[in-house]
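Open the model in your viewer and keep the sequence panel beside it. This tour goes stop by stop, with something to select at each one.

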Amino acid sequence: MANKDSDVYKNLVRIEEPEACIHVDAPDGVLPLALNVELPGGYVSEAVPSGVRLPHTATAMFSTADSFQLAAEFHILMGNRPLACDNIPLCRIRVRNIKWSGAGVPQIELRFDIDEAGMLTVSAANLDRSNAEIVVFTAGDEVAHDDVQRALADAHEHKADDQATRDLIQKMLDCYALIGATNDYYSAAKKKMGHGAKSAYKQARKRLEQALSVDVADATDDTTAELHAAEAAFRDQRQQILPLYKQVMDWYR
């Protein structure tokens with residue numbers, strides 16, 4: 001996973017205990033920057049928002065992205081920007097011996113504990129296996145005052161661009177949900193669809209899936225415009241499918 005500070009991981013510090021301990025400068029007893037987990041696509045999921053009073057504890061549940069995935073790696077970062085490459089890398093946690101099952105089934109819990117002095121402890125637990133192997137690599141043991149101030153200034157400078165990026169991320173998530181819901185309708189509606197209609201639906205779905213395959217960090221004005229156009233074309237197909245879906249479902253009433 002790309003990160004502008006990826007050089008810090010060239011000399012990873014492996015920790016035998018399944019947790020990372022990092023001191024964060026928080027002199028006023030408030031977490032200055034959000035704690036995030038990198039997701040596929042190069043953007044982050046916020047686990048702990050900035051501004052929470054310390055001490056603070058939070059957990060976040062994750063699973064596998066692919067079926068029969070036996071290992072997963074979680075990249076933990078600190079910052080207020082939407083892309084992983086623009087935040088401060090803290091640690092990587094590798095979880096092995098994950099339950100052999102379909103995507104989204106295994107349960108892996110990440111825990112964030114921050115005490116009053118700003119000592120952050122990040123740990124992972126495989127809720128399906130007591131004998132899971134968990135390995136932690138840290139990028140450093142401190143996020144100093146200067147690091148925090150640079151990150152805050154960077155987020156302020158790029159506020160407008162970051163909002164556009166967040167809007168794009170939300171659009172992509174909405175499109176994934178749209179495909180999933182429409183596929184359910186199509187599985188029934190295809191009983192009343194001809195070859196041409198089925199082909200048109202599949203082509204529109206493929207076009208939208210290809211538009212979604214561009215990582216957020218690599219998005220351009222052209223790829224974003226294509227995403228919106230592909231979504232519109234797919235929604236047109238959805239509108240044609242819905243009446244057929246209703247007709248098929250009426251057979252079972």
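The stops below run from the whole chain to sheets, then to single residues and backbone oddities.

**Whole chain**

Start with everything shown as a cartoon. This is a predicted model. Four helices and 11 strands make up the secondary structure of the chain. Show the C-alpha trace and turn it along its principal axes: the span is about 65 × 45 × 35 Å. Of the 253 residues in the chain, 40% are buried.

Switch on the surface. The exposed area comes to about 13400 Å², with 49% of it supplied by carbon and sulfur atoms. Now colour by charge. You should find 27 positive and 38 negative side chains. The centres of these two sets lie 13 Å apart.

How do contacts spread along the chain? Take the contacts between residues at least 6 apart in sequence: 74% of them join residues at least 24 apart.

**The open sheet**

Select E5, E8, E9, E2 and E11. These five strands form an open sheet in the order E5-E8-E9-E2-E11, and the pairing is mixed. Which strands stand at the edges? They are E5 (56–62) and E11 (142–143). Each has a single partner strand, so one side of each is left without a neighbour in the sheet.

Move inward to E2 (residues 19–24) and E9 (residues 119–126). The two run antiparallel and are joined by five bridges. For a landmark in this pair, pick Ile 22, which stands opposite Leu 120 in E9. As you look along any strand, keep one rule in mind: side chains in a regular strand alternate between the two faces of the sheet.

**E7 and E10**

Next, select E7 (residues 88–96) together with E10. They pair in the antiparallel sense, over six bridges. Find Cys 91: the residue opposite is Thr 138 in E10.

Is E10 mostly covered or mostly open? Select residues 133–138 and check: five of the six residues in E10 are buried, and the strand is mostly covered.

**Gly 140**

Step on to the loop between E10 and E11, where Gly 140 is found. Gly 140 has 30% relative accessibility, so it counts as partly exposed. Show what surrounds this glycine. Leaving out residues up to four places away in sequence, Gly 140 touches Ile 22 and Leu 90. Then draw a C-alpha to C-alpha distance from Gly 140 to Ala 20: they are 9.6 Å apart in space but 120 residues apart in sequence.

**Asn 36 and His 75**

Centre on Asn 36 in strand E3 (residues 35–38). Relative accessibility here is 3%, so Asn 36 counts as buried. A polar atom of the Asn 36 side chain lies 2.9 Å from the backbone oxygen of Gly 79. Beyond four places in sequence, Asn 36 touches a list of residues that includes Val 44, Glu 46, His 75, Met 78, Gly 79 and Asn 87.

Hop to one of those contacts, His 75. His 75 lies in strand E6 (residues 71–78). Its relative accessibility is 0%, so His 75 counts as buried. What does the side chain of His 75 join? Show Glu 38 as sticks: a polar contact of 2.8 Å links the two side chains.

**Helix H4**

Now select residues 221–250, which form helix H4, and zoom to Ala 230 within it. At 0% relative accessibility, Ala 230 counts as buried. Its contacts beyond four places in sequence are Arg 207, Leu 208 and Ala 211. Draw one further distance, from Ala 230 to Arg 205. The C-alpha atoms are 8.3 Å apart, across 25 residues of sequence.

**Backbone oddities**

Finish with the backbone angles. Most residues other than glycine have a negative phi, and most peptide bonds are trans. Three places depart from that pattern.

- Leu 54 and Pro 55: a cis peptide bond joins them, with omega about 5 degrees. Look for Pro 55 in the loop between strand E4 (44–48) and E5.
- Phe 68: phi is positive, about 60 degrees. Phe 68 sits in the loop between E5 and E6 and is partly exposed, with a relative accessible area of 45%.
- Asn 97: phi is positive here too, near 65 degrees. Select the loop between E7 and strand E8 (108–114) to find Asn 97. This residue counts as partly exposed, at 31% relative accessibility.

Note on methods. Residues numbered from 1 in each chain as written. Predicted model: local features only at pLDDT ≥ 70, side-chain atom pairs only at ≥ 80, totals over all residues. Heavy atoms only, no water. Buried < 20%, exposed > 50% of the residue type's maximum accessible area, 1.4 Å probe, protein only. Pairing = 2+ DSSP bridges. Contact = heavy atoms within 4.5 Å. Polar contact = N/O pair within 3.5 Å; in protein donor to acceptor, adjacent residues only side chain to side chain. Areas by Shrake-Rupley, 256 points an atom, 1.4 Å probe, with all protein chains shown as cover. Lys, Arg positive; Asp, Glu negative; His and termini not counted. Charge placed at Lys NZ, Arg CZ, Asp CG, Glu CD.
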